[in-house]
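Please work through the following exercises with the sequence and the structure at hand. Attempt each task before reading its solution.

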Amino acid sequence: MDTESGRRLTLPRGSVAAVSGAASGIGRATAIALATAGADVVLADLDGNGLEVTAGEVTSTGQRVASVICDVTDSEQVRRITEAALSRFGGLDVMVANAAVSMYRDFATIEQSEFSQILRTNLDGALLCARHAMEPMVDRGGGSIVFISSVLAFVGLPGQVAYSAAKGGLVAATRTLALEAGPSGIRVNAIAPGTIDTPMLARDTSSMDLHGVADFQARIDAANALGRVGRPEEVADAVLFLASPMSSYITGTTIVVDGGFLALKSF
């Protein structure tokens with residue numbers, strides 16, 4: 001995170017962070033931002049090839065990296081994230097629960113398996129990451145948990161009932177977990193991105209023809225105050241702020257990073 005004066009936000013010496021969904025998009029950008037700020041990083045994702053690319057980017061910052069192939073819907077696999085943090089780096093200070101799936105399906109006809117996959121990955125998976133992170137954070141005297149929610153926690157979009165339910169659940173969980181974790185010095189916050197230029201967005205438009213993609217892009221650009229799609233790095237900067245001591249008195253809240261999408265409420 002660079003300010004106009006050229007100063008860079010840094011994390012305390014010896015900081016250790018973990019990021020789920022780190023193989024691409026917001027997860028990759030977040031891992032790089034945390035490493036650039038001085039943290040060693042544990043990367044988790046099902047995409048081994050993507051993890052390798054992210055690991056190379058983290059290593060290039062001079063920080064250490066560990067990679068874990070992980071399905072966040074499986075508690076024992078999530079446990080391996082914190083085990084890697086402890087065995088490789090001696091602790092855990094930051095957990096960014098970012099792994100997510102999205103698919104546009106009409107609620108009346110969505111397959112039960114798809115419905116469950118969305119809820120289990122986006123909600124259960126994030127909560128499992130938080131749960132396994134808490135014990136090592138208590139041992140360190142505190143830490144920061146950051147959930148990646150969505151503006152769809154606050155407004156509706158046809159075809160996204162399950163996704164909105166999961167992301168709304170993260171906003172509610174953020175408020176409540178902050179109360180439980182606060183006495184241990186653990187802060188819990190969420191980020192609600194708007195439309196961000198990620199592989200997930202590309203997948204959402206993959207079935208459209210060129211005209212459809214162009215129309216969709218034009219509507220997205222017009223649906224926020226800044227008139228453009230966001231970059232993963234812009235979300236990562238907000239995560240870095242919540243991971244850092246600069247947000248030491250912020251917990252139980254959700255920061256919206258949407259270019260003014262919720263202010264405009266137009267799509």
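The exercises below concern a predicted model, and each is followed by a worked solution.

**Exercise 1. The chain as a whole**

Task: State how many helices and strands the chain has, and what percentage of its residues count as buried.

Solution. Step 1: The secondary structure comprises 9 helices and 7 strands. Step 2: The chain has 267 residues, and 50% of them count as buried. Step 3: The accessible surface of the chain is about 12300 Å², with 52% belonging to carbon and sulfur atoms. Step 4: Among contacts in the chain with a separation of 6 or more, 70% are made by residues 24 or more positions apart.

**Exercise 2. The surroundings of strand β2**

Task: Determine which strands pair with β2, and in what sense they run.

Solution. Step 1: Strand β1 (residues 16-20) is joined to β2 by 5 bridges, and the two run parallel. Step 2: Strand β2 (residues 40-45) also pairs with strand β3 (residues 65-69), again in the parallel sense and over 5 bridges. Step 3: Individual partners can now be located. Val42 is the bridge partner of Ala18, and Val42 has Ala66 as its bridge partner in β3. Leu43 stands opposite Ser67 in β3.

Task: Describe the handedness of the connections that lead into and out of β2.

Solution. Step 1: From β1 the chain passes through helix α1 (residues 25-36) to β2, a right-handed β-α-β crossover. Step 2: β2 then forms a right-handed β-α-β unit with helix α2 (residues 48-59) and β3.

Task: Is β2 enclosed by the rest of the structure, or is it exposed?

Solution. Step 1: In a regular strand, side chains alternate between the two faces of the sheet. Step 2: On one side of β2 lie Asp40, Val42 and Ala44, on the other Val41, Leu43 and Asp45, and all of these are buried. Step 3: Since 6 of the 6 residues of β2 are buried, the strand is largely enclosed by the rest of the structure.

**Exercise 3. The nonpolar cores**

Task: Identify the residues with the most contacts inside the largest nonpolar core, and the helix that gives the most to this core.

Solution. Step 1: The largest nonpolar core has 34 residues, and those with the most contacts inside it are Val42, Ile81, Leu92, Met95, Ile145, Phe147 and Val188. Step 2: Helix α4 (residues 112-139) gives the most to this core, with 7 residues. Step 3: Another core, of 31 residues, lies apart from it and includes Leu11, Ala22, Ile26 and Ile191. Step 4: Met95 touches residues including Ala18, Ile81, Cys129, Ala133 and Ile145, when residues up to four places away in sequence are not counted.

**Exercise 4. Three side chains compared**

Task: Explain why the aromatic pair is classed as tilted, and decide whether Phe115 and Leu123 count as buried or partly exposed.

Solution. Step 1: The structure holds 1 aromatic pair. The rings of Phe107 and Phe115 have their centres 5.9 Å apart and their planes at 55°, so the pair is tilted. Step 2: Phe107 is found in the loop between β4 (94-97) and α4. Phe107 touches Phe115 and Val161, not counting residues up to four places away in sequence. Step 3: Buried means under 20% relative accessible area. Phe115, at 21% relative accessibility, therefore counts as partly exposed. Step 4: Leu123 lies in helix α4 and is buried, with a relative accessible area of 19%.

Note on methods: Residues numbered from 1 in each chain as written. Predicted model: local features only at pLDDT ≥ 70, side-chain atom pairs only at ≥ 80, totals over all residues. Heavy atoms only, no water. Core = buried A, V, L, I, M, F, W, Y, C linked by side-chain atoms within 4.5 Å. Buried < 20%, exposed > 50% of the residue type's maximum accessible area, 1.4 Å probe, protein only. Helix = DSSP H or I, 4+ residues; strand = E, 2+ residues; numbered from the N terminus. Contact = heavy atoms within 4.5 Å. Pairing = 2+ DSSP bridges. Right-handed = clockwise from strand over helix to strand, strands pointing away. Phe/Tyr/Trp six-rings, centres within 6.5 Å; stacked < 30°, edge-to-face > 60°. Areas by Shrake-Rupley, 256 points an atom, 1.4 Å probe, with all protein chains shown as cover.
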